[in-house]
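Reader: Could you walk me through this one slowly? I'm still learning how to read a fold.
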Amino acid sequence: MAQADTNRLSLLNARREVSQGLRASEDWQPSYKRNSETFKALLAHEAQLESDVAEYLFRLSRNAPNYVDWAQYAGSLKAASNPLLNADDPVWAEEQLDLQRAVIDAITLIVATGGQAGELTYGIDLGISNLSKSVLEAARTQVAGLVTGMTETSRDLIREAIKQSIARGESVDLARDRISKVLNNPVRAELVAHTESVNAYQTGLKNFAVETGAKTKTWESLARACPLCAPIDGETVRIDKTFSNGKDRPSAHPRCRCGLIYNY
Ligand SMILES: [Zn+2]
């Protein structure tokens with residue numbers, strides 16, 4: 001392995017450890033911490049997810065400049081068209097597969113962790129693991145949505161970068177750099193991991209609650225951590241209904257750290 005790659009990997013490992021430590025000290029609604037084993041597992045898998053997404057974005061930042069028709073870019077300086085390849089071009093199908101492969105393991109583990117937290121909290125053992133059929137299905141569904149959403153956002157970012165370059169009359173080299181920079185973004189990886197881990201965990205917990213016959217659910221928010229959700233703190237609805245914010249379960253918005261209590 002080249003020296004640069006080795007350095008990059010050891011930096012990534014160090015960053016994963018730091019982010020895991022940071023997350024433990026963040027504001028989490030207390031239901032996440034009820035069992036220390038599942039909370040530890042959630043933090044570890046979320047840090048892994050962040051690192052997987054960051055690595056994917058790094059690869060995309062290297063590939064994406066090749067998805068632009070640069071011959072057309074020169075012409076675009078006066079025309080209004082955009083030289084980015086279409087979403088149905090095979091290179092984008094390949095990107096979607098790469099992202100899917102990158103995140104499926106971490107998401108599957110987090111869905112399983114949510115189910116296991118339910119087992120421990122409510123004292124009902126269903127034998128949930130990352131090999132359970134319901135966990136695998138739920139993870140696949142979530143990953144499909146995540147891949148579509150992230151790819152759309154990436155394409156928007158590239159289109160915007162090209163527009164900026166055209167507006168500035170930049171050379172192809174500068175325009176390629178602009179695309180790479182906007183995509184290789186650790187903050188975006190952190191935001192995606194933050195939000196998707198809550199989604200995956202809450203999906204696993206909900207599947208457990210449905211399977212074990214829970215009747216209602218109560219939204220639990222942390223006012224300090226989640227001011228957007230404070231108005232529905234303590235709201236209780238039937239398990240098959242949505243809350244007054246229109247959501248079936250957290251997350252309600254990016255970086256939401258709310259929890260749910262299921263009532264039997
Ligand atoms: Zn919230």
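**Helices, domains and a sheet**

Author: Let me begin with a pair of helices in this predicted model: helix 5 and helix 7 are roughly antiparallel to each other, because their axes cross at roughly 150° and angles over 145 degrees count as roughly antiparallel.

Reader: Okay, and within what distance do the axes of those two come?
Author: The axes of helix 5, residues 133-168, and helix 7, residues 186-211, come within 10 Å, and helix 5 passes helix 7 in a right-handed crossing.

Reader: Which residues in helix 5 and helix 7 meet there?
Author: On the helix 5 side they include Ser134, Val135, Ala138 and Leu146, and these belong to a group that meets residues of helix 7, among them Val192, Glu196, Asn199 and Gly204. The residues of this contact divide into seven nonpolar, six polar and one charged.

Reader: Switching topic, how is the chain divided into domains?
Author: The chain is divided into domain 1, covering 30-212, and domain 2, covering 214-264, with 24 Å between their centres, taken over C-alpha atoms.

Reader: And how many residues are in contact between them?
Author: There are 13 residues of domain 1 in contact with 14 residues of domain 2, and on the domain 1 side they divide into six nonpolar, six polar and one charged.

Reader: What about the sheet, in which order do the strands come?
Author: Three strands form an open antiparallel sheet in the order 2-1-3. Strand 2 (236-238) and strand 3 (259-263) stand at the edges with a single partner strand each, so one side of each has no neighbour in the sheet.

Reader: Over how many bridges do strands 1 and 3 pair?
Author: Strand 1, residues 216-220, pairs with strand 3 over five bridges in the antiparallel sense, and Glu220 stands opposite Gly259 in strand 3.

Terms used
Residues are numbered from 1 along each chain as its sequence is written. This is a predicted model: local features need pLDDT of at least 70, side-chain atom pairs count only at pLDDT 80 or more; totals for chains, interfaces and linings use all residues. Axes are lines fitted to C-alpha atoms, for helices over the stretch in contact, and angles run from 0 to 180 degrees between N-to-C directions. Helices (H or I, at least four residues) and strands (E, at least two) are DSSP runs, numbered from the N terminus. Angles under 35 degrees count as roughly parallel, over 145 as roughly antiparallel, 65 to 115 as roughly perpendicular and the rest as oblique. A crossing is left-handed if the near helix is turned anticlockwise from the far one by less than a right angle, and right-handed if clockwise. Two residues are in contact if their C-beta atoms, placed from the backbone, lie within 7 Å. Ala, Val, Leu, Ile, Met, Phe, Trp, Tyr, Cys and Pro count as nonpolar, Asp, Glu, Lys and Arg as charged, and the others, Gly among them, as polar. Domain bounds come from an automatic or database domain assignment. Two strands pair if DSSP finds at least two bridges between them.
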